[in-house]
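Biologist: Please take one loop and look at it closely. Then work outward from there to the other parts, step by step, and keep the language plain.

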Amino acid sequence: MTLPRGFKAKAEREAERLRGELGLGAAAALPLDRLAEHLGVTLVSGEELVARDRLEEIERLQAFAFSAATFVVGDRTFVVTNPLRTPGRLASDVAHEFAHTILDHDLAEVREIDGVPFRTCRPDEEEQATAFGGTLLLPRPLLMLAARRGDGPAEIAADCGVTIEMARFRYNTTGVARQVQRRSV
């Protein structure tokens, strides 16, 4: 599956626009709680709704079966997160859910797991939310600044509260590393 033509550039512009609306620089780390407030989204830890031992049981039965989910109740939007995730993974999960909201994705498909129906987006929208969520957390200007300082994925992950895997993915797929290397030669 591929992203629509121009999607990545649009995602970068949207990430920059949102940072501007929050009064942040284009290379600033994104405080997800501020973005939640800006978007009118309420973040809820899953253990506020379900006993933690039940979440641990779900995790034991099927690892990563639940990371985060968006629910629209009336005119309010809630993102429910899994408290068992690391802070870095949680950031990616929340950014992914925010991406669905910002991109105005419909919860169009009904799936059923073990007799429990739930609504989800189409696979192409899931791919878009994953790509845009990564861009929200680590836009090109932030990565360029980090690369010029000589920071690699580990330093970027630590500075921005994301996983090293996310930082490495964005660092490598945006071409930032190559661009900085060419300038230094």
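Modeller: Start with Thr86, which lies in the loop between β3 (76–81) and α4. One caution first: this is a predicted model. Every value below is computed from it.

How open is this spot? Thr86 has a relative accessibility of 46%. Buried would need under 20%, and exposed would need over 50%. Thr86 therefore counts as partly exposed. Now look for a partner far along the chain. Thr86 and Thr163 are 77 residues apart in sequence. In space, their C-alpha atoms are separated by 8.5 Å.

Past the loop comes helix α4, spanning residues 87–102. Stop at His100. The C-alpha of His100 is 7.6 Å from that of Glu125, with the two positions 25 residues apart in sequence. Glu125 sits in helix α5, which runs over residues 123–137. At 8% relative accessibility, Glu125 is buried.

Beyond α4 lies another loop. Asp104 is found there, in the stretch between α4 and β4 (109–113). Its backbone deserves a look. Asp104 is not a glycine, yet its phi is positive, at about 55 degrees. The residue is exposed, with 62% relative accessibility.

Phe64 also has a positive phi, near 65 degrees, and is likewise a residue other than glycine. Phe64 belongs to the loop between α3 and β2 (68–73). With a relative accessible area of 46%, Phe64 is partly exposed.

Step back from that loop into helix α3, which covers residues 52–61. Here we meet charge pairs. Side chains of opposite charge can pair when their charged atoms come close. Glu57 and Arg60 make such a salt bridge, and their closest N and O atoms are 2.7 Å apart. How are the two placed along the helix? Glu57 and Arg60 are three residues apart in α3, about one turn of the helix. Glu57 is partly exposed at 35%, while Arg60 is exposed at 60%.

A salt bridge also joins Glu47 to Arg52, with 3.0 Å between the closest N and O atoms. Glu47 has a relative accessible area of 38% and is partly exposed. Arg52 is partly exposed too, at 35%.

Not every pair of places is close. Asp33 and Glu57 are 24 residues apart along the chain, and 28 Å separates their C-alpha atoms. Asp33 sits in helix α2 (residues 32–39). Asp33 is exposed, at 55% relative accessibility.

Now for a salt bridge across a longer stretch of sequence. Glu12 pairs with Arg170, and the closest N and O atoms are 2.8 Å apart. Glu12 lies in helix α1 (residues 7–21) and Arg170 in helix α8 (residues 164–173), so this pair ties together parts that are 158 residues apart in sequence. Are its two ends buried or exposed? Glu12 is buried, with 16% relative accessible area. Arg170 is buried as well, at 7%.

Other residues join up in a group. Glu14, Arg17 and Glu21 are linked in a network of salt bridges. Across the structure, the count comes to twelve salt bridges.

Next, the surface charge. Which residues form the positive surface patch? They are Arg148, Arg178, Arg182 and Arg183. Helix α9 (residues 176–184) gives the largest share of this patch, three residues. Arg178 has its place in that helix.

Last, the cysteines. How many disulfides does a search of the whole structure find? It finds zero. Cys121 has a relative accessible area of 3%, so it is buried. Cys160 comes out at 17%, which is under the 20% cut-off, so Cys160 also counts as buried.

To retrace the path: we began at Thr86, in the loop between β3 and α4. We then met the salt bridge of Glu57 with Arg60, and that of Glu12 with Arg170. The patch that includes Arg178 came after them.

Definitions and conventions: Residues are numbered from 1 along each chain as its sequence is written. This is a predicted model: local features need pLDDT of at least 70, side-chain atom pairs count only at pLDDT 80 or more; totals for chains, interfaces and linings use all residues. Side-chain values use heavy atoms; hydrogens and water are left out. Patches are made of residues with over 30% relative accessible area and no salt bridge: like charges are joined within 9 Å, nonpolar side chains (Val, Leu, Ile, Met, Phe, Trp, Tyr) within 5 Å. Accessible areas come from the Shrake-Rupley method with a 1.4 Å probe; for residues, only the protein chains shown count as cover. A salt bridge is a side-chain nitrogen of Lys or Arg within 4 Å of a carboxyl oxygen of Asp or Glu. Lys and Arg count as positive and Asp and Glu as negative; His and the chain ends are not counted. The place of a charge is taken as NZ of Lys, CZ of Arg, CG of Asp or CD of Glu. Helices (H or I, at least four residues) and strands (E, at least two) are DSSP runs, numbered from the N terminus. A disulfide is a pair of cysteine sulfur atoms within 2.5 Å. Buried means under 20% relative accessible area, exposed over 50%, partly exposed in between (1.4 Å probe, protein chains only).
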